[in-house]
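User: Could you take a close look at one part of this model for me, a pocket and whatever surrounds it? I'd like one connected walk-through rather than a list.

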Amino acid sequence: VTHSIPACIGSMVINSKQLDNESPVSVFAVNKCYVTVQDGTFFDGSGFAALVREGYKVRSDVNITLEFRTTAVRGVLLGVSSAKVDAIGLEIVNGKVLFHVNNGAGRITATYEPRGTKSLCDGKWHKLQANKSKHRISLIIDGNLVQTDNPYIQSTSADTNNPIYVGGYPADVKQNCLTSKSSFHGCLRNLVLSKGQQAELFDFSRAFDLRGVFPHSCPGAEH
């Protein structure tokens, strides 16, 4: 076995001596234990997960679905960029969800703003679907559809070649379709990117870079 256990371990005794968990000599990717745990991946607001080291090619079509839970009114959800301007980005800004796409001719944005007293930052799970089909983009939050006009109808392909950054991105990485640098604080689950009939579910424990991200344990209540 070469991978860590997604679990809580406590009260460890070796040769009748209790180990002190509170002051370890070194720590790597160990978080607090929780009284109640939900399926999902916890982002502590300091980092990101990096997926597809060789680069993800959005091109003409992509459908992104995920579920998120947060109490923060801002934070990066997902970004895929290129060295040029081509990119896509999903983020929460001032309690709204923004889906940005640049196929090379200019950035367009679909914005979902909750109505009345409803909030997306209420600590409850919300379903998100972001779709790019050539020059058309749409955003569906909890079943509510938002579409936006795109004046650049001749430009249809986002020629990205960088990794998928989820929940944030490194300071030295350029993201052409994100306005926020704030790392996401909360939980994500069921991240799927689809192209036509091909759907890929991303397991955060298989990310090639994880910082401040804890796969398979989403706290219901901290202990």
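Analyst: The second largest pocket holds about 200 Å³ of space, and keep in mind that this is a predicted model. Its lining is made up of D39, G40, T41, L188, R189, N190, L191, L201, F202, D203, F204 and H216. Sorted by character, those residues come out as five nonpolar, four polar and three charged. Strand 14 supplies the largest share of the lining, with four residues.

Let's start with T41, one of the lining residues. T41 sits in strand 4, which covers residues 41–51. Is T41 buried or exposed? Its relative accessibility is 5%, so T41 counts as buried. Leaving out residues up to four places away in sequence, T41 touches G186, C187, L188, F204, V213, F214, P215, H216 and C218. Three of those names, L188, F204 and H216, also turn up in the pocket lining. Two others in that contact list, C187 and C218, are worth following, and we'll get to them in a moment.

First, though, stay with the lining and look at N190. N190 belongs to strand 14, and its backbone is a bit unusual. Most residues other than glycine have a negative phi. N190 isn't a glycine, yet its phi is positive, about 55 degrees. As for exposure, N190 has a relative accessible area of 44%, so it is partly exposed, whereas T41 is buried.

Now back to the cysteines that T41 touches. C187 and C218 form a disulfide, with their sulfur atoms 2.1 Å apart. The pair links distant parts of the chain: C187 is in strand 14 (residues 185–195) and C218 is in strand 17 (residues 218–222), 31 residues apart. So strand 14 carries C187 as well as the largest share of the pocket lining. The torsion about the S-S bond is about 105 degrees, which makes the disulfide right-handed because of that value. Both partners are tucked away: C187 is buried at 2% relative accessibility, and C218 is buried too, with a relative accessible area of 0%. How many disulfides does the structure hold? It holds one. C121, for instance, is in no disulfide, and the nearest cysteine sulfur, that of C187, is 14 Å away. C121 still counts as buried, at 13% relative accessibility. C177 counts as buried as well, at 0%.

Stepping back to the annotation, UniProt (in an unreviewed entry) places the feature "domain: Laminin G" at residues 38–218. Over that stretch the chain is 0% helix and 51% strand, and the end C-alpha atoms are 5 Å apart.

If you follow strand 4 onward from T41, you come to the loop between strand 4 and strand 5, where V52 lies. V52 is another residue other than glycine with a positive phi, near 60 degrees. V52 is buried, with a relative accessible area of 18%. E54 lies in that loop too, with strand 5 spanning 61–70. Unlike V52, which is buried, E54 is exposed, with a relative accessible area of 64%. The C-alpha atoms of E54 and N161 are separated by 7.7 Å, although the two residues are 107 apart along the chain.

For contrast with the open pocket, here's the enclosed space. A search of the whole structure finds one cavity of 30 Å³ or more, and the largest cavity has a volume of about 40 Å³. Which residues line the largest cavity? They are V101, N102, N103, G104, A105, G106, I108, N150, Y152 and S155. This lining divides into four nonpolar, six polar and no charged residues, whereas the pocket lining includes three charged ones.

S155 makes a handy way into that spot. S155 is in the loop between strand 12 (144–148) and strand 13 (164–166), and at 16% relative accessibility it counts as buried. Setting aside neighbours within four places in sequence, S155 is in contact with N103, G104, A105 and H135. Among these, N103, G104 and A105 also line the cavity. The C-alpha atoms of S155 and A105 are separated by 6.3 Å, with their positions 50 residues apart along the chain.

Conventions: Residues numbered from 1 in each chain as written. Predicted model: local features only at pLDDT ≥ 70, side-chain atom pairs only at ≥ 80, totals over all residues. Heavy atoms only, no water. Helix = DSSP H or I, 4+ residues; strand = E, 2+ residues; numbered from the N terminus. Buried < 20%, exposed > 50% of the residue type's maximum accessible area, 1.4 Å probe, protein only. Contact = heavy atoms within 4.5 Å. 1 Å grid on protein atoms, 1.4 Å probe; cavity = no way out; pocket = protein on both sides within 12 Å on 5 of 7 lines; lining within 4 Å. Points joined across faces, edges and corners; volume = space filled by probe spheres on them. Nonpolar A, V, L, I, M, F, W, Y, C, P; charged D, E, K, R; others polar. UniProt positions renumbered as here; feature names shortened; annotations may be inferred. Disulfide = S-S within 2.5 Å.
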